[in-house]
Amino acid sequence: MPTKFWDNKEADILDLIEKLVNIDSGTFYKAGVDQVGNVLASAYQALGFQVAVDQQSERGDHLVIVHPEGQHPDILIIGHMDTVFPVGTAQSRPFSRDESYAYGPGIYDMKASLVMTLFAIKSLIEQGDESFKRVKIILNSDEEHGSIYSRNLIEREAASVKYALIVEPSDMTGRLITGRRGGGKFELHVTGKAAHSGEEPEKGRSAIGELAHKIIQLHALTDPSAGVHVNVGVISGGTTPNTIAAHAKASIDVRMETPEQAVELEHKIKHICGAPTIEGTTLVLQGGITRPPMIKTAKSEHLLKIVQEEAMQLGESLTDMKIGSGSDGNLTAAVGVATIDALGPRGGNAHTAEEFLDIESLVPRTRLLANVIKRLSRE
């Protein structure tokens, strides 16, 4: 790509990043996520792309973006518009920058990646390279909470492509991701029977007591040596200290290394939560495995080599790694699509008030994505 297009593009990229960062778009704030989607949809439509809206009632709408002249797009790019931050964060901690880094809620994970993708497509159009017609882009609204509402869309759209490029951000070393642990989310609801804990405790059945038994059993499923972890991370229940609790609830996070572990772990959790320990209490388990493990395959190895070769042409040597957290790359890899993750810009401290974006990485990672698209269109 001639360098002329990239002259002064860093400032343009940052301008749009600032606009998106200053829009609250936590997963459960549909209005904000849809506002981000509207900005991006308009930008792609201005480039001649069609934007299909997958409407949602409980989450932000998902977007599927393709060029009308793309007959069979086989390069899938996935990014997410939601963040983990509550409404009001953008106002209290808006976009800011210094000489090296930019800051703000969701700037690193992953609003910078959304803008990077748009500018990679712009660069291909500017160059007259028609590889942009081979691209299909999914922008979903619920990745930060397991892609529950977008999973079917992602799996359906991935079924017809050869390659999946996941633009989750990279760390400060620039490493790519070719493997992730799988994960699941469950909620356990316990119903007991209320009673006065001083006057007639024998009439009560403690939902909290029952939940305590289950927490111990669930945590006992953790096997660090096998890469299996079960964490009851949030609990609630009861009304007053002198009332035996009639209700209790727990949110459960699970992680595993292999598809076989995922099946076994879900079976064990259902067994534990299938019968009460305290007679007179009842249990309802909701949820399941939301992301199968992302396993490195021969196809993803081939795709990795292509990305590394294109990075080398730009003067950067990239390695790959496996990490514990999940992404939408878990879903594309599980349906057999060659998948590379963490193609976004560098930065760190995701999900915290110290989240930052490495400004210097913006243009190089955007150029890399554009060059990978060009290369894949010739494969």
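Here are some notes on a predicted model, going from helix packing to salt bridges and then to a few backbone details.

1. **H2 against H4.** Start with the helix pair. Helix H2 (residues 30–46) and helix H4 (residues 107–127) pack with their axes 11 Å apart and at an angle of about 10°. With a cut-off of under 35 degrees for that label, H2 and H4 are therefore roughly parallel to each other.

2. **What sits between them.** On the H2 side, the residues that meet H4 are Val36, Leu40, Ala43 and Tyr44. H4 answers with Lys111, Leu114, Thr117, Leu118 and Ile121. By class, that contact has seven nonpolar residues, plus one polar and one charged. The spacing is worth a look on screen: an α-helix has 3.6 residues a turn, so residues three or four places apart point the same way.

3. **H4 by itself.** How far does H4 reach from its first C-alpha to its last? The span is 28 Å for 21 residues, close to the 30 Å expected at 1.5 Å a residue. Of the 21 residues of H4, 17 are buried, so the helix is largely enclosed by the rest of the structure. Just after H4 comes Gly128, with a positive phi of about 80°.

4. **A cis peptide to check.** Please look at the bond from Asp109 to Met110: it is cis in this model, with omega near 0°. Met110 belongs to helix H4, the same helix that packs on H2.

5. **Glu69 and Lys133.** The whole structure has 23 salt bridges, and I picked out a few. Glu69 pairs with Lys133, their closest N and O atoms lying 2.3 Å apart. These two come from distant parts of the chain, 64 residues apart: Glu69 is in the loop between strand E2 (62–66) and strand E3 (75–80), while Lys133 is in the loop between H4 and strand E6 (135–140). Buried or exposed, which label does Lys133 get? Lys133 counts as buried, because its relative accessibility is 14% and the cut-off is under 20%. Glu69 is partly exposed, with a relative accessible area of 47%.

6. **His67, in the same neighbourhood.** His67 is also found in the loop between E2 and E3. Its relative accessible area is 10%, so His67 is buried. Leaving aside neighbours within four places in sequence, His67 is in contact with Gly48, Phe49, Phe132 and Lys133. Lys133 is thus a point where two of these notes meet: it touches His67 and also forms the salt bridge with Glu69.

7. **Arg375, Glu309 and company.** Which helices does the Arg375 and Glu309 pair link? Arg375 is in helix H10 (residues 362–378) and Glu309 is in helix H8 (residues 298–313), with their positions 66 residues apart in the chain. Their side chains meet in a salt bridge at 2.7 Å, N to O. Arg375 counts as buried at 17% relative accessibility, whereas Glu309 counts as partly exposed at 31%. The pair also belongs to a network of salt bridges that links Glu309, Glu310, Arg375 and Glu379.

8. **Asp253 and Arg255.** One more salt bridge for the list: the side chains of Asp253 and Arg255 meet at 2.9 Å, N to O. Arg255 is partly exposed here, with a relative accessible area of 23%.

9. **Positive phi outside glycine.** There are two spots to inspect. Ser147 has phi near 55° and lies in the loop between E6 and helix H5 (151–158). Ser147 is buried, at a relative accessible area of 0%. Asn349 has a positive phi of about 60°, and its place is in the loop between strand E15 (347–348) and strand E16 (356–358). Asn349 counts as partly exposed, at 42% relative accessibility.

10. **Ala158 in H5.** Finally, Ala158 is found in helix H5 and counts as buried, at 0% relative accessibility. What does Ala158 touch, not counting residues up to four places away in sequence? The partners are Leu76, Thr332, Val335 and Val337. Along the chain, Ala158 and Ile75 are 83 residues apart, yet their C-alpha atoms are separated by 9.0 Å.

Key. Residues are numbered from 1 along each chain as its sequence is written. This is a predicted model: local features need pLDDT of at least 70, side-chain atom pairs count only at pLDDT 80 or more; totals for chains, interfaces and linings use all residues. Side-chain values use heavy atoms; hydrogens and water are left out. Axes are lines fitted to C-alpha atoms, for helices over the stretch in contact, and angles run from 0 to 180 degrees between N-to-C directions. Helices (H or I, at least four residues) and strands (E, at least two) are DSSP runs, numbered from the N terminus. Angles under 35 degrees count as roughly parallel, over 145 as roughly antiparallel, 65 to 115 as roughly perpendicular and the rest as oblique. Contact means heavy atoms within 4.5 Å. Ala, Val, Leu, Ile, Met, Phe, Trp, Tyr, Cys and Pro count as nonpolar, Asp, Glu, Lys and Arg as charged, and the others, Gly among them, as polar. A salt bridge is a side-chain nitrogen of Lys or Arg within 4 Å of a carboxyl oxygen of Asp or Glu. Buried means under 20% relative accessible area, exposed over 50%, partly exposed in between (1.4 Å probe, protein chains only). The expected span of a helix is 1.5 Å times one less than its number of residues.
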